Amino acid sequence: MSETPRTAFGGRRAVPPNNSNAEENDPPTVELQGLVPRGVNLQDYLNVTGVHLFKEKWDSNKVDHHTDKYDNNKLIVRRGQSFYIQIDFNRPYDPRRDLFRVEYVIGRYPQANKGTYIPVPIVSELQSGKWGAKIIMREKKFVRLSIQSSPDCIVGKFRMYVAVWTPYGILRTRRNPETDTYILFNPWCEDDAVYLDDDKEKEEYVLNDIGVIFYGDSNNVRNRSWSYGQFEDGILDACLYMMDRAQMDLSGRGNPIKVSRVGSAMVNSKDDNGVLVGSWDNIYAYGVPPSAWTGSIDILLEYQSSQNPVRYGQCWVFAGVFNTFLRCLGIPARVVTNYFSAHDNDANLQMDIFLEEDGNVNSKLTKDSIWNYHCWNEAWMTRPDLPVGFGGWQAVDSTPQENSDGMYRCGPASVQAIKHGHVCFQFDAPFVFAEVNSDLVYITAKKDGTHIVEAVDTTHVGKLIVTKEVGGPGMKDITDTYKFQEGQKEERLALETALMYGVKKSLNTDGVAKPRSDVDLEFEVENAVLGTNFTLTITFQNNSPNSYTLSAYLSGNIIFYTGVSKEEFKNETFDVTLEPLSVKKKEVLIRASEYMGQLLEQASLHFFVTARINDTRDILAKQKSIVLTIPKVIIKVRGAKMVGSDMVVTVEFTNPLKESLQNVWIRLDGPGVIKPIKKMFREIRPNSTVQWEEVCRPWVSGHRKLMASLTSDSLRHVYGELDLQIQRQPSA
């Protein structure tokens, strides 16, 4: 068999593509311009005997560049900002006759015009925006340099060399991994495209390694902590590996627009064997259920070591891992949750719910789904490719939903452009606009084949958009950054602008709202704990002097959090007679035995109530999702909460159900306190308690958090967390 031919670049380009940070091709240690005369020893000229990078966590290079938290013994600096190195020579340096320079190289085929080979000149004064090295100290046999990088240089791991000129050619230091230097994006540098001026926001969106992700529904917002772990050992290399795996050209890795777009494709495994395999069918054979993950560290390290996609993720896992990628490289980022997120709608601003003539939902015709919630990310950057005013937060989404330019990715889309309906600007703005702005349209499908629009709900989709507040665990409502308030003139103008730019409505629903019915329908579901009975109360209010009879229908469904129904567990029809100007309530008991057998991991139930007023033939419809309250994992600690001291962590869980839990996995994680670990319990009997103890030794001081998750064959999405204040080690 002949080998598969590799791509031939001969005749088309002189140099193959430079798309791997890991691949190397060392420049020669000696570059002679001709023959060296007999008797001349090149070692008699200036020679480098050592290079010092001041790369300890307490050195100014790491402290001033805000990289001292990285668990990495290499030098890590941020671009556009000066740092210090020291070069030792075999004799005193004489600037009148000695000439040397520092060189930074990345990838296998370095070229100066691509920014992959950077010769740093020795200058008298550093210039803003340019590479340069200034001698700030000259002692016996060493010089100390202040080196400044360009604020738009490539982000990645550079190899460093020192080149010395002689009359016969260049002498260059040998490859030394100890002098490798990581250069990251710099939100502290005004000339960097990711510059963020608020110090508290930089602390939150770049340096905070523990986050809060919101889920549930808009009336019952739940939250869970997530360990981003962007500073943990190996994570920075794993993030660079992701770009290598995407075969992203090194020359584009200084552009946050390109980096975030490539990242959104690489976090999911579709079409590029990226980090995470998505699964929404509640079957997680040969993998980890999405609800079991407590953070990004295990996922990224496993992806890099196995070089295969990790199983499994759903939207909050994709968003958590993507946030780690962005923050690790220095791009300010946050996870955003959109409640009632419109999906699979071809960006047509319309979610069609088809009803039968008797008011029941027609499941064959109803194809669109509204996710209870959906998580994506926002990344902060300038957008020089767009008109002025559209920089700042950009929506980026790594959950594989729609194909964008041939790959499953989304964004960066300017949040400001989405708010004003300017969806003509790249990337994927129409899709994000539709996620937060679609109308919910109730349509009766007549037996003669005609469709009649019964009602349009313009406020259901994108009801609430939130993120974690700066500096605390609370929730920040950012709905108004994506959309104007419903009913405002600006909101209508934004919609018209989006329609003008090609976001399409498949059915004209303007002006179809029927005259308000004389009868109002509402229903409430009491807070319910998993495994218990609860009551649903339907309220009919007659606002007219007429009497009415209604035929009502209640449907209860087990649903995925994506809004897709798995199975109907409850249906009930009943008649209601309303006296003039009266209110009537109907209570329906929902038994645990009805829903427990088919329950999915997020314990989401969806109720749909429709009623037909027999006298007027008007249709009333309301729908509501609820998330059952799930028991928690309890975490306790004992011992000194101090860096370097042993501390005992106890994880405890009591099974509240009337059935045994089988194949139970508990995971424990706490960045800076304990490495991610897991333990299996074969069975937990009803009302019995399991305990698990681990000894750990914290290595990071300050506010820390322990997180635990539990997953089993029949119960998932069980969490627990504990806040800790870890003290510094007392100085001797």
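This passage looks at a four-stranded sheet, a buried isoleucine and the largest pocket of a predicted model. Local features need pLDDT of at least 70 and side-chain atom pairs pLDDT 80 or more, while totals for chains, interfaces and linings use all residues. Residues are numbered from 1 along each chain as its sequence is written, and side-chain values use heavy atoms, without hydrogens and water.

The sheet first. Four strands (E runs of at least two residues in DSSP, numbered from the N terminus) make an open, antiparallel sheet in the order 2-4-8-7; strands pair if DSSP finds at least two bridges between them. Strand 2 (48-52) and strand 7 (132-138) sit at the edges with a single partner strand each, so one side of each has no neighbour in the sheet. Strand 4 (residues 82-89) is joined to strand 8 (residues 142-148) by seven bridges, with I85 opposite L145.

On to the isoleucine. I619 lies in strand 33 (residues 619-627) and is buried at 14% relative accessible area (buried is under 20%, with a 1.4 Å probe and protein chains only). Leaving out residues up to four places away in sequence, I619 touches L355, E357, G359, T444, E454, A611 and R612, contact being heavy atoms within 4.5 Å.

As for the largest pocket, 35 residues line it, with K69, V700, S701, G702 and R704 nearest its centre. Among the elements giving two or more residues to this lining are strand 39 (702-711) and strand 40 (718-726). A pocket here is an open set of points on a 1 Å grid over the protein atoms alone, where a 1.4 Å probe fits, with protein on both sides within 12 Å along at least five of seven lines; lining residues have an atom within 4 Å of a point.

Technical notes. Buried means under 20% relative accessible area, exposed over 50%, partly exposed in between (1.4 Å probe, protein chains only). Grid points are joined across faces, edges and corners, and a volume is the space filled by probe spheres set on the points.
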